[in-house]
Amino acid sequence: MSAEEAAAWPPLREELRGIEPYGAPQLDVPVQLNVNENPYGPSPECAADIAAAAGRAAVTLNRYPDREFTALRVALASYLGKDAGAGDVTPEMVWAANGSNEVMLQLLQAFGGPGRTAISFAPTYSMYPEYARDTHTRWVAGRRASDFAIDLDAARDLVARERPSVVLLPSPNNPTGTALPPDAVSALCQAVGDHGIVVVDEAYGEFRREGVPSALELLGTHRNLVVTRTMSKAFAGAGLRLGYLAADPAITAAIRVVRLPYHLSAVTQAVALAALDHAPELLGRVDELRRERDALVDHLRAEGYQVADSDANFVLFGRFADRHAVWQGLLDRGVLIRETGPAGWLRVSVGTAEETAAFRTALSDVQREPIGERA
Ligand SMILES: *Cc1c(COP(=O)(O)O)cnc(C)c1O
């Protein structure tokens, strides 16, 4: 042991030393367009129903919750039926945890691990390499094409070379907004075969454009396909912490082996069920947000920016010589966006019409200054 190691405190795993915890800045500014939340909260009536459900759960808190969250799995299966075909997703195919981030970690705990490899295609969701690190899974990132699509031949080559146990495919992709066509998902499921699982992370699935299918439709065709969703984005429930997946029942059975006992609290289960009862209201602004997103893409292109096509509730745009200066310039004007993605690009979430207008104004302000210079 070196003197440096001997002196290190706390005695953390070596590969974790000096690492900053993940997280976008949480700043109290008027316009928050940095973490892709739905800007519209529940109505007072909906909030009252949710509170009543939490109240009913409160009187049972001396008991452990239903470990199998049976009622919630039934409700989630029925909700997914809208995209998959009614009855195609059964409760045995559904699993849930505290945010789809926990779902994803459980998938890596069950299907990754020492001697195994997880792959994705960059730019991709920045949490994936962290789940791999935390589960001692080898991490390999291929590259997306210049339009942020996945080059299927290159992807198949990578699968053949690395023989991954887990393939992580966000669709629509974060941070680019790019959706993956179903034949690409099918081709990758086939290439991976029975030695791995293919996870299509549809955190932004409800925002996809007209005519863009969900990977849920392919669940009957590929037993190694896992589709994850969340209540954090379109469902206006980021504070609720409820993510879920649909997959072959053998996959949900495998996750049970690694989950913590009673990982979904009685309060979470009750509140998520009440929120699902109000799905039409909570999702009620999704069409408006999609129109707002398309208008924002058009606006930024008209302003001469490079803009990635988006099927999500955010837009990646650029490119700037100094994106940090632009991010800071916007923040100085009360608009918080996200400094993420490939060099020179920035990501902005779609907010209310007023918030998006404030962003446009702040950006054209910044554009007139030297910091707004394009790359
Ligand atoms: C926001 C997001 C999630 C959702 O995370 P939760 O833990 O459910 O809040 C999952 N995947 C991607 C790519 C995301 O951007």
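With which residue does Asp311 form a salt bridge? In the predicted model described here, the partner of Asp311 is Arg209, and the closest N and O atoms of the pair are 3.0 Å apart. The count of salt bridges between domain 1 and domain 2 is one. The contact between these two domains is described first, followed by the nonpolar cores, an enclosed helix and several loops with particular backbone geometry.

The domain assignment divides the chain into domain 1, made of residues 3-42 and 284-372, and domain 2, made of residues 45-279. Taken over C-alpha atoms, the centres of domain 1 and domain 2 are separated by 24 Å. At their interface, 30 residues of domain 1 are in contact with 31 residues of domain 2. The size of an interface is often given as the accessible area lost when the parts come together. Between domain 1 and domain 2 the buried area is about 2,400 Å², with carbon and sulfur atoms giving 57% of it. On the side of domain 1, the residues that lose the most area to domain 2 are Tyr22, Arg290 and Asp311, which together account for 28% of what that side buries. Asp311 thus appears both among these residues and in the salt bridge with Arg209.

Polar contacts also link the two domains: nine residue pairs, both members at pLDDT 80 or more, are in polar contact across the interface. Among the secondary-structure elements of domain 1, helix 11 (286-302) and strand 10 (314-318) each supply at least two residues of the side that touches domain 2. Helix 11 gives the most to this side, with five residues.

The largest nonpolar core comprises 86 residues, of which Val89, Leu107, Leu169, Leu225, Met231, Phe235 and Leu242 touch the most other members. Both domains take part in this core, since at least three of its residues are drawn from each of domain 1 and domain 2. Another core lies apart from it and holds 24 residues, including Val315, Phe317, Leu330 and Leu336. The surroundings of Leu169 can be given in detail. When neighbours within four places in sequence are left aside, Leu169 is in contact with Phe121, Ile150, Leu180, Leu188, Val198, Val199, Val200 and Asp201.

Leu330, a member of the core of 24 residues, also belongs to the buried part of helix 12. This helix spans residues 323-332, and because seven of its 10 residues are buried, helix 12 is largely enclosed by the rest of the structure. The buried residues are Arg323, Ala325, Val326, Trp327, Gly329, Leu330 and Leu331. They pack against strand 11 (335-336), strand 12 (346-349) and helix 13 (353-367). Just after helix 12, Gly334 takes a positive phi of about 85°.

Two cis peptide bonds precede proline residues in loops. The bond joining Ala122 and Pro123 is cis, with omega about -5°, and Pro123 is placed in the loop between strand 3 (117-122) and helix 5 (128-134). The peptide bond from Asn174 to Pro175 is likewise cis, with omega near 20°. Pro175 lies in the loop between strand 5 (166-170) and helix 7 (182-192).

The loop between strand 5 and helix 7 also holds Thr178. With a relative accessibility of 15%, Thr178 counts as buried, because the limit for that class is under 20%. The side chains of Thr178 and Thr176 are joined by a polar contact of 2.6 Å. Apart from neighbours within four places in sequence, the residues in contact with Thr178 are Arg144, Phe148, Ala149, Pro170, Ser171, Pro172, Asn173 and Asp309.

Positive phi values also occur at residues that are not glycine. Arg163, in the loop between helix 6 (152-162) and strand 5, has a positive phi of about 40° although it is not a glycine. Its relative accessibility of 54% places Arg163 in the exposed class, because that class begins over 50%. Tyr262, in the loop between helix 8 (249-258) and helix 9 (266-277), has a positive phi of about 55° and is not a glycine either. The relative accessible area of Tyr262 is 28%, so this residue is partly exposed.

Terms used:
Residues are numbered from 1 along each chain as its sequence is written. This is a predicted model: local features need pLDDT of at least 70, side-chain atom pairs count only at pLDDT 80 or more; totals for chains, interfaces and linings use all residues. Side-chain values use heavy atoms; hydrogens and water are left out. A nonpolar core is a set of buried Ala, Val, Leu, Ile, Met, Phe, Trp, Tyr and Cys residues joined through side-chain atoms within 4.5 Å. Buried means under 20% relative accessible area, exposed over 50%, partly exposed in between (1.4 Å probe, protein chains only). Domain bounds come from an automatic or database domain assignment. Contact means heavy atoms within 4.5 Å. Buried area is the accessible area (1.4 Å probe) that two parts lose on being put together, summed over both. A salt bridge is a side-chain nitrogen of Lys or Arg within 4 Å of a carboxyl oxygen of Asp or Glu. A polar contact is a pair of N or O atoms within 3.5 Å; within protein, one must be able to donate a hydrogen and the other to accept it, and residues adjacent in sequence count only if both atoms are side-chain atoms. Helices (H or I, at least four residues) and strands (E, at least two) are DSSP runs, numbered from the N terminus.
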